[in-house]
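Let's take a stroll through a protein model and see how some of its pieces fit together. Have the structure open as you read.

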Amino acid sequence: MSDLLRLITLQDANTRVVLLGAALLGLAAGVVGTFAVLRRRALVGDAMAHAALPGVCLAYFVVGERNFAAFLIGAFIAGLIGAGCIVLIRAHTRIKEDAAIGIVLASFFGLGISLSSAIQQQPSGNRAGLDTFIFGKAASMVRSDVVFIGVCAAAIVAIVAVLARELGSLCFDRGFSASIGRPVVWLDFLLMGLICLCAVIGLPAAGVVMTAAMLTVPAAAARFWTDHLRIMLVLSGVFGIVSGVVGVGISALRPGLAAGPLVVLVAGVIFVVSLIAAPRRGVAAAWWRRRSLRRRVLLQNLLRAMHELLEGSSPRDLRESELLAKRAWTTTQLTTALRRASRMGLAQPGDHPHAWRLTPAGVTEAASVTRAHRLWELFLIEQAEIAADHVDRDADQIEHVLPHDVIAALEARLVAQGRLPASPHAIPVVGSGGPHA
Amino acid sequence: MTVAQATETAVEVHDVTVAYHRKPVLWDVDVLLPAGHLIAIVGPNGAGKSTLLKAILGLVPLASGKVEIFGRPLRKARSLVGYVPQRESVDWDFPIDALGVALMGRYGRLGWVRRPGKADREAALTSLAKVGMADYADRQISRLSGGQQQRVFLARALAQDATLYLMDEPFAGVDAATERAIVDVLRELREQGKTVIAVHHDLQTVPEYFDHVMLLNMRLVASGAVQDVFTRENLHKTYGGRLTVLEEAAEALRRV
């Protein structure tokens, strides 16, 4: 417990430095990751993180000792070479991008592992700390390492902040950006370089696989909450910071646990929460919308069936068997709908068991529903091509979202055919907020 | 090629050849497109219509030849050019709303870092209003219908306040209401003396919507005023013996 207290009050200088580094790293990965995801370069980040490894080893051969900055520069160059290989393979062969990424990722990583085991064989090799670049070990970083990483991360964030609009424009519509004279090829290179730099500085803290995940997960999570690029950037950055700080913090408390996996786990939790709970784009919201729509459609089908059975005759009770035969629905669906109609005061049990009648409110609502349905039918037959733009095409059951003004235009036609159910003008039209919920 | 009266030339395409993967898509296209007209580029699939637009915009490398816009090389004339790409060319789930897309039309004059000001926002909103999309300004673009998305693209080009507009299949897959809205905008642009060059795939509406036509099938077949050039013979040369297309063309010719 006292460990936790020491951690959150940042009493330990080394912890302070490491947490600050983790926060900056998370922020950089979050904002760059936003563009990596929007430009569909998420897997390229993965490939570059893997491709960076032989660069670290070669840097060791050149320098001959553990030199953090040299390792990262080697990693950066190797990562860019890996990305370049992907571009070349795609441009000059029939191999598609996903296969090219797989090929480059595996071969560079294989080369990196071979080189690093060769280095470990050397007498001084295990002091090089190369394994931290594969699995990540935030705690093993010394102050100067963290400062180096932090400066790189801050530079990345600054570049993205200045160029956010142009990078967004590039991701949305590269052709348009080019048409107004932006050097899109160079912007793409710059984005690639930022992704690579981000992957490389994440290596010592989070390891190869985890650093690639940090370029994707926070951005993907942020996308659930917003439809605005700026908010997405901020959210993704915040998610990155939280993942970095919490993950590294837990790892500092429990020295047995590596920081990299913990950071990604925290990000994963944020992602799952976003996936489920985000309004509008989240799974729960989508499920709720489908459920409400289903219930509304079912109720309206019931009202229409009742109206049509009663049409042209005097009011009477309707047997459930009659209603069941009227439409293709199950007994359960019918019972559910009847119970709901009854709760809403639109229908009530009749004199006999399994018989139902419409309440006065129900009669009005049923007429209104039927009217809207027939108008919509007519609309589809006669005007769909002209007015299709006024209809929300996303709705599964468009007959229930016909807008008010279109309905008015069609009424006259139905009157002429004698098929317009009598209904006072005060009745709200279906889809414009009637009493149904 | 006949240009009835001596008008200013909006675009000069001079001996342009474009090749993708060593396979030529455009061969020695040489044409003058007059200013102040609504110009349709017509031809079968794979005829290089979009490629020609991209060549004019400098988006594809030219294997040979050159393009001039109002007598100037492209890089000195960019601010005069507005562009409406094919709707399918972008990801409509991108996190941006309709106003955001229209504002992109101002980026060219804003430069790299200057943020859009009040005047830019007003210009973007006015453009949206011109295509009947003002009520949808703050709607995320994936929640727009195909026709509405096309109109937002058009609004972005209008916000560029260009002199020459290049449009890649602006009428593709849109509903009738959008088609009318686009036609109205095109006519208004012509009244303002602007030039529109549009890739168009519906032969029947060529005489109605455009006054100048360029027939293309990897090579230039013909270019000129619709009544002079849009003939059965030229269409036959452009499309070969494709029956359905020729029937459409015959239908269109009856209406000229």
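Which residues in α7(A) meet which residues in α9(A)? Keep in mind that this is a predicted model. From α7(A) come A:Ile149, A:Cys152, A:Ala153, A:Ile156, A:Ile159, A:Val160, A:Leu163, A:Glu166, A:Leu167 and A:Leu170, and they meet A:Val184, A:Leu187, A:Asp188, A:Leu190, A:Leu191, A:Leu194, A:Leu197, A:Cys198, A:Ile201 and A:Pro204 from α9(A). Sorted by class, that contact has 18 nonpolar residues, two charged ones and no polar ones.

How do these two helices run? Helix α7 of chain A covers residues 143-172 and helix α9 of chain A covers residues 184-206; their axes come within 10 Å and cross at roughly 150°. Angles over 145 degrees count as roughly antiparallel, so that's the label for α7(A) and α9(A). The crossing is left-handed.

Chain A has another helix pair to look at. Helix α4 (residues 68-92) packs against helix α5 (residues 97-121) at an angle of about 145°, and their axes are 9 Å apart. This time the crossing is right-handed. On the α4(A) side you'll find A:Ala78, A:Ile81, A:Gly82, A:Cys85, A:Ile86, A:Ile89 and A:Arg90, which meet A:Glu97, A:Ala100, A:Ile101, A:Val104 and A:Phe108 of α5(A). This contact has nine nonpolar, one polar and two charged residues.

Now hop over to chain B and its own helix α5, residues 146-159. At 1.5 Å a residue, its 14 residues should span 20 Å, and the end C-alpha atoms are indeed 20 Å apart, so the two agree. Is this helix buried or exposed? Buried: that goes for 14 of the 14 residues, so α5(B) is largely enclosed by the rest of the structure.

Next, some backbone oddities. Most residues other than glycine have a negative phi. Here are some with a positive one:

| Residue | Phi |
|---|---|
| B:Asp161 | about 50° |
| A:His354 | about 60° |
| B:Phe70 | about 50° |

B:Asp161 comes just after α5(B). A:His354 is in the loop between β2 (347-349) and β3 of chain A, and its 56% relative accessibility makes it exposed. B:Phe70 sits in the loop between β4 (64-69) and β5 (72-73) of chain B, where its 17% counts as buried, since the cut-off is under 20%.

One last loop residue: A:Thr359, between β3 (355-358) and α17 (360-382) of chain A. With 9% relative accessibility, A:Thr359 counts as buried. Leaving out residues up to four places away in sequence, A:Thr359 touches A:Gly345, A:Leu346, A:Ala347 and A:Gln348.

How values were computed: Residues numbered from 1 in each chain as written. Chains lettered and ligands numbered in written order. Predicted model: local features only at pLDDT ≥ 70, side-chain atom pairs only at ≥ 80, totals over all residues. Heavy atoms only, no water. Helix = DSSP H or I, 4+ residues; strand = E, 2+ residues; numbered from the N terminus. Expected span 1.5 Å × (residues − 1). Buried < 20%, exposed > 50% of the residue type's maximum accessible area, 1.4 Å probe, protein only. Axes fitted to C-alpha atoms, helices over the stretch in contact; angles between N-to-C directions. Parallel < 35°, antiparallel > 145°, perpendicular 65-115°, else oblique. Left-handed = near helix turned anticlockwise from the far one by under 90°. Contact = heavy atoms within 4.5 Å. Nonpolar A, V, L, I, M, F, W, Y, C, P; charged D, E, K, R; others polar.
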